[in-house]
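I opened the notebook with a short list of places to look up. I took them one at a time and wrote down what I found.

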Amino acid sequence: MAAVSHTFFPYVTPVGHITIAADGSSITEIAFGKKQLEGAERPTELTNRAANQLQEYFAGKRTAFDLPLNPKGTPFQTSVWAALADIPYGETRSYREIAEAIGKPRAQRAVGGANNKNPLPIVIPCHRVIGANGKPVGYGGGLKTKEFLLDLEQKANKHQD
């Protein structure tokens with residue numbers, strides 16, 4: 001069995017540096033800022049492809065990502081992340097709605113915890129989860145970034161109507 005070749009590379013985006021990590025066959029992590037992640041720091045075809053798709057997203061030209069993903073998490077976390085991936089571009093859901101979507105309506109706090117541990121922000125759109133009051137709350141990339149992403153999607157949706 002061949003050893004898995006982990007790589008990572010920081011890219012400049014409209015929300016600052018984003019570091020993208022891959023395991024040779026899939027994207028494993030996206031982190032805000034310049035981060036030291038597992039493996040060698042070098043761009044690969046896969047990290048470049050992810051960066052290009054993110055740039056298209058930031059330009060309002062991409063509403064969905066076409067990348068092989070391999071987020072590591074517990075079965076509960078991966079169920080939450082799958083529900084996040086089902087939130088349509090330009091729409092939002094509350095933590096309660098995500099908890100209900102995964103069949104655990106009382107697990108709102110746990111959904112928030114899983115959201116916080118999402119290793120692939122933007123691509124798995126945890127920014128689309130908002131508080132019960134309809135306001136953006138908490139985001140690993142910072143509230144300004146969350147508001148930027150939600151605003152970007154709202155504007156792009158308006159141009160498509």
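Is I122 buried or exposed? I checked this one before anything else. I122 has a relative accessibility of 1%, so I logged it as buried; the cut-off for that class is under 20%. I note here that the model is predicted.

**Entry: I122, backbone**
I placed I122 in the loop between α4 and β6. Then I read its backbone angle. Phi is positive at I122, about 75 degrees, and the residue is not a glycine. I put the general rule beside that: most residues other than glycine have a negative phi. I marked I122 in the margin for its positive phi.

**Entry: N118**
I stayed in that stretch of chain. N118 also sits in the loop between α4 and β6, with α4 covering 108-116 and β6 covering 129-130. I looked up its accessible area next. The relative value is 8%, so N118 goes down as buried.

What does the side chain of N118 meet? I found a polar atom of this side chain 2.9 Å from the backbone nitrogen of L120. I also found one 2.8 Å from the backbone oxygen of I124. Both distances fall within the 3.5 Å limit for a polar contact.

I then listed the contacts of N118, leaving out residues up to four places away in sequence. They are W81, L84, I124 and C126. I124 therefore appears twice in my notes on N118, by its backbone oxygen and in this contact list, where contact means heavy atoms within 4.5 Å. I also logged a pair by C-alpha position. N118 and P71 are 47 residues apart along the chain, and their C-alpha atoms are separated by 7.8 Å.

**Entry: P68**
I went to the loop between α1 (45-58) and α2 (75-85), where P68 is found. Its relative accessibility is 28%, so I wrote it down as partly exposed. Which residues does P68 touch, beyond those up to four places away in sequence? I got S25, S26, I27, L46 and R49. I27 came up again by C-alpha distance. It is 41 residues from P68 in sequence and 6.2 Å from it in space.

**Entry: Q108**
I moved to helix α4, which holds Q108. I read 35% relative accessibility there, so Q108 is partly exposed. I set aside neighbours within four places in sequence and found Q108 in contact with Y95, R96 and A99. I also looked up the pair Q108 and E97. They are 11 residues apart in sequence, with 8.5 Å between their C-alpha atoms.

**Entry: S94**
I found S94 in strand β5, residues 93-94. At 8% relative accessibility, S94 is buried. Not counting residues up to four places away in sequence, S94 touches V129, I130 and G131. I noted that β6 spans 129-130, so I read V129 and I130 as the β6 side of this contact list.

**Entry: whole chain**
I zoomed out last. I counted five helices and six strands in the protein chain. Along the sequence they run β-β-β-β-α-α-β-α-α-β-α.

How does the radius of gyration fit a compact globule? The chain has 161 residues, and a compact globule of that length would come near 15 Å; I read 16 Å, which agrees. The C-alpha atoms fill a box of roughly 45 × 35 × 25 Å along the principal axes.

I logged 43% of the 161 residues as buried. I then took the contacts with a separation of 6 or more. Residues 24 or more positions apart account for 57% of those. The chain exposes about 8,700 Å², and carbon and sulfur atoms supply 51% of that area.

I closed with charge. I counted 19 positive and 15 negative side chains, and the centres of the two sets lie 6 Å apart.

Technical notes. Residues numbered from 1 in each chain as written. Predicted model: local features only at pLDDT ≥ 70, side-chain atom pairs only at ≥ 80, totals over all residues. Heavy atoms only, no water. Helix = DSSP H or I, 4+ residues; strand = E, 2+ residues; numbered from the N terminus. Buried < 20%, exposed > 50% of the residue type's maximum accessible area, 1.4 Å probe, protein only. Polar contact = N/O pair within 3.5 Å; in protein donor to acceptor, adjacent residues only side chain to side chain. Rg over C-alpha atoms; globule rule 2.2 N^0.38 Å. Areas by Shrake-Rupley, 256 points an atom, 1.4 Å probe, with all protein chains shown as cover. Lys, Arg positive; Asp, Glu negative; His and termini not counted. Charge placed at Lys NZ, Arg CZ, Asp CG, Glu CD.
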